[in-house]
Amino acid sequence: AAAEAEAAAAAAALEAAAHALPRGLHDAAAAGDAAKVGELLAGGEDPTLRHIAFGFKVPYDVSADGATRDAFRRFCGASPGAWNWERAHVPSGLTEAEEAARRERHRRRARDQRRAAERARRARRKGEQGAREAAEIAVRCAAAEAAEAA
């Protein structure tokens, strides 16, 4: 019984110590606060630490959104030797040139989608106009046949 109590006390002490580990980077990533993530990384927070409160995941893995993950990637691109980024699960660094290229791809994609939607609207309007004209012709023909019969 004494050994069990001692083991339980040791486990409780370990868990308390694990919960006391730094978690600011995890909290900021989970909250989706990309600016705070950048500040913490610049301040020396370790992106490779795993925390018990987050299922032993690294901060990158608990990031709430793409902007937060990009904050990690941006810092990785600016400071590739600062941390073991593979261990932090950061896939690759993100440079300004890559971000500009991504923005351009998104801009082109949005432009192409707008153009496709406009073409579809024109085609729909053209089809509707043709249907109206066909209906008008049918009405005229019916009126002409009714006038001939009378």
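Q: How do α2 and α3 run relative to each other, roughly parallel or roughly antiparallel?
A: This is a predicted model, in which local features need pLDDT of at least 70, side-chain atom pairs count only at pLDDT 80 or more, and totals for chains, interfaces and linings use all residues. α2 and α3 (helices are DSSP runs of H or I with at least four residues, strands are runs of E with at least two, and both are numbered from the N terminus) pack at about 160°, with axes 8 Å apart. Axes are lines fitted to C-alpha atoms, for helices over the stretch in contact, and angles run from 0 to 180 degrees between N-to-C directions. Angles under 35 degrees count as roughly parallel, over 145 as roughly antiparallel, 65 to 115 as roughly perpendicular and the rest as oblique, so α2 and α3 are roughly antiparallel.

Q: By class, which residues make up the contact of α2 with α3?
A: Residues are numbered from 1 along each chain as its sequence is written, and side-chain values use heavy atoms, with hydrogens and water left out. Gly 24, Leu 25, Ala 28 and Ala 29 of α2 meet Lys 36, Val 37, Leu 40 and Leu 41 of α3, contact being heavy atoms within 4.5 Å. Ala, Val, Leu, Ile, Met, Phe, Trp, Tyr, Cys and Pro count as nonpolar, Asp, Glu, Lys and Arg as charged, and the others, Gly among them, as polar. The contact of α2 with α3 thus has six nonpolar, one polar and one charged residues.

Q: Which hand does the crossing of α3 and α4 have, left or right?
A: α3 and α4 pack at about 25°, with their axes 8 Å apart, and that makes α3 roughly parallel to α4. A crossing is left-handed if the near helix is turned anticlockwise from the far one by less than a right angle, and right-handed if clockwise. α2 passes α3 in a left-handed crossing. The crossing of α3 and α4 is right-handed.

Q: Which helix gives the most residues to the largest nonpolar core?
A: The largest nonpolar core (buried Ala, Val, Leu, Ile, Met, Phe, Trp, Tyr and Cys residues joined through side-chain atoms within 4.5 Å) has 17 residues, and Leu 25, Val 37 and Phe 72 are among those with the most contacts inside it. At least two core residues come from each of α2 (24-31), α3 (34-42) and α4 (66-78). With four residues, the helix that gives the most is α4.

Q: Is Ala 28 buried or exposed?
A: Ala 28 sits in helix α2 and, residues up to four places away in sequence aside, touches Asp 33, Lys 36, Val 37 and Leu 40. Buried means under 20% relative accessible area, exposed over 50%, and partly exposed in between (1.4 Å probe, protein chains only). Because its relative accessibility is 6%, Ala 28 counts as buried.

Q: What relative accessibility does Glu 99 have?
A: Glu 99 is placed in helix α5. Apart from neighbours within four places in sequence, Glu 99 is in contact with Arg 74 and Leu 94. Glu 99 counts as buried, at a relative accessibility of 15%.

Q: Near what value is phi of His 89?
A: His 89 lies in the loop between α4 and α5 (96-149), and at 34% relative accessibility it counts as partly exposed. Phe 56, in the loop between α3 and α4, has a positive phi near 60°. His 89 is a residue other than glycine, and its phi is positive, near 70°.
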